[in-house]
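Subject: Structure handover and notes on its sheet, helices and cores

Dear colleague,

Here is the structure that I promised to pass on to you. My notes follow directly below it, and I would be glad if you read them with the model open.

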Amino acid sequence: MMTKLIFEKSKKNTNGINLTEENINFDFIDNRYIRTNKKTILPEISELEVMRHYKELSDKNFCIEKGFYPLGSCTMKYNPKVNEVLAGLEGFCELHPLQSDEDSQGALKLMYNLQEALKKITGMNAVTLQPAAGAHGELCGMMIVKKYFESIGENRKNVIIPDSAHGTNPASAAMCGFNIIEIKSNEKGLVDIDALKAVLDDNTAAIMLTNPNTLGLFEEEILEISKLVHEAGGLLYYDGANMNAIMGYTNPKLMGFDIVHMNLHKTFSTPHGGGGPGAGPVGVVENLKEFLPVPVVDSDGSKYYRKYDLKNSIGKMKAFYGNFSILVRAYAYILLMGKELKEASANAVLNANYMMNKLKEHYLLPYDRKCMHEFVLSGDWQKEQGVNTLGIAKRLMDSNFHPPTIYFPLIVHEAIMIEPTESESKEVLDDFINTMIEIANEVKATPDDVLKHPLNTPVRKVDETLAARKPDLAYKLQ
């Protein structure tokens with residue numbers, strides 16, 4: 001049954017709580033902020049009914065607590081509830097960001113220790129916790145690239161990006177004024193070394209890479225790539241979206257990267273999505289430390305403090321120090337896991353390869369090689385039988401599974417990008433595998449029936465093109 005809009009539940013003269021019986025004089029408010037439109041209509045509904053309304057809406061949302069969420073490239077793993085408890089401790093959640101360093105030693109120590117942990121995990125020499133999300137971290141990193149070349153008197157304009165990259169990579173570089181040079185992948189789905197050599201010159205500022213890449217494949221020639229870019233005088237930027245695959249086995253520093261951003265929501269199990277709050281720390285090598293945003297958290301061995309005197313700092317990326325509660329959650333997760341962070345990566349890679357090998361007989365596997373933490377199928381076989389990848393995704397919704405990422409990366413036609421993560425059991429993976437096989441068989445037998453899905457969701461099939469081009473988000477009063 002469809003949920004009524006809150007306006008439809010409205011009953012005239014119904015109130016929530018009346019705070020006072022007195023008439024309030026609003027003369028103290030500037031007239032600019034006083035509503036003049038007396039016809040403005042808001043829903044009239046009791047506090048209890050408001051609560052029930054939003055609880056009903058929340059129950060319709062799909063979340064990791066409801067079912068499997070194999071969203072490729074997004075690492076939708078379980079967020080341990082102990083992280084939430086610790087982030088809610090009074091000393092953390094009631095600490096004001098304008099309090100002095102002397103009165104904030106516990107929080108500053110936590111941030112300092114988190115920086116040190118992230119330095120160890122990435123191999124970097126310095127870390128900032130300021131950026132509010134992965135893409136914000138990318139922007140921070142590319143601002144560092146730009147400032148670095150300005151400081152040495154060079155005006156390099158080109159940033160090289162593979163055709164398999166996340167879309168935020170070219171966007172972040174372009175926002176900093178760089179030209180985007182795209183290079184094609186080779187037949188293995190990896191960076192084409194000859195294509196890279198062809199575009200490297202003294203105008204190359206950086207290359208932005210995800211490793212493993214968005215196909216879930218490790219860049220086998222990463223050391224050669226690093227050597228070539230550095231010989232050309234450029235920097236290497238590491239998109240940390242897929243770091244969940246490599247923790248404890250290698251790190252960006254060993255691969256030759258100079259700058260890295262980390263997605264705390266993907267790798268270190270903090271809340272994901274919903275517009276925030278988030279965090280995207282950035283790590284840099286020794287010669288880029290002075291370019292980090294200020295303040296950084298430092299220590300003299302006995303006290304912790306915010307340090308502002310960085311010679312070539314790009315400035316501030318966010319108000320105060322960033323989203324502190326997210327940093328608490330990430331630090332709790334790292335302490336909880338300890339050396340088992342390496343095991344988390346091992347299980348993520350094992351799960352992905354298990355699923356890939358079970359499904360490749362039923363769906364086209366464009367790059368039939370051992371994958372890392374995720375893999376990409378193609379729905380081309382099913383499309384030939386009348387059901388495209390979108391149809392498969394819609395069918396999955398009726399089996400209590402969130403659909404995988406579809407139609408990305410763009411270099412795979414009818415892409416189905418699956419990431420199981422390490423936090424799901426073999427039983428859950430088998431259920432998903434069996435459902436995917438069942439759907440493949442349904443496509444062969446009754447393709448028209450598959451295209452009728454979803455049948456059991458709050459909203460069934462919609463005109464997605466019309467919804468994207470002409471969204472109608474306003475309730476029209478009768």
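How many bridges join strand β4 to strand β5, and do these strands run parallel or antiparallel? Before the answer, two remarks on conventions. This is a predicted model, in which local features need pLDDT of at least 70 and side-chain atom pairs count only at pLDDT 80 or more, while totals for chains, interfaces and linings use all residues. Residues are numbered from 1 along each chain as its sequence is written, and side-chain values use heavy atoms, with hydrogens and water left out.

Strand β4 (residues 204-210) is joined to strand β5 (residues 235-240) by 5 bridges, and the two run parallel; strands here are DSSP runs of E with at least two residues, helices are runs of H or I with at least four, and both are numbered from the N terminus. Two strands are taken to pair if DSSP finds at least two bridges between them. M208 stands opposite Y237 in β5, and I207 has L236 of β5 as its bridge partner. I207 is also the bridge partner, in β4, of I160, and β2 and β4 pair in the parallel sense over 3 bridges. Of the 7 residues of β4, 7 are buried (under 20% relative accessible area with a 1.4 Å probe, protein chains only), so β4 is largely enclosed by the rest of the structure.

These strands belong to an open sheet of 7 strands with mixed pairing, in the order β1-β7-β6-β5-β4-β2-β3. At its edges are β1 (126-128) and β3 (179-183), each of which pairs on one side only, and the twist averages 25° from one strand to the next. Helix α4 (residues 105-122) packs on the sheet, touching β1 and β6 (259-262) (contact means heavy atoms within 4.5 Å), and its direction makes about 125° with that of β1; angles run from 0 to 180 degrees between N-to-C directions, and axes are lines fitted to C-alpha atoms, for helices over the stretch in contact.

Helix α4 also packs against α11, at an angle of about 55° and with the axes 10 Å apart. That makes α4 oblique to α11, since angles under 35 degrees count as roughly parallel, over 145 as roughly antiparallel, 65 to 115 as roughly perpendicular and the rest as oblique. Among the residues that meet there are L110, L114 and I121 in α4 and L327, Y331 and I334 in α11.

Helix α11 (residues 324-337) gives the most to the largest nonpolar core, with 9 residues, and that core has 85 residues in total. A nonpolar core is a set of buried Ala, Val, Leu, Ile, Met, Phe, Trp, Tyr and Cys residues joined through side-chain atoms within 4.5 Å. The residues with the most contacts inside this core include L196, I225 and F268. Leaving aside its neighbours within four places in sequence, L196 is in contact with I160, I183, V191, I207, I225 and L228. A second, separate core of 25 residues includes A352, F432, I433 and A440.

With best regards

Note on methods: Buried means under 20% relative accessible area, exposed over 50%, partly exposed in between (1.4 Å probe, protein chains only).
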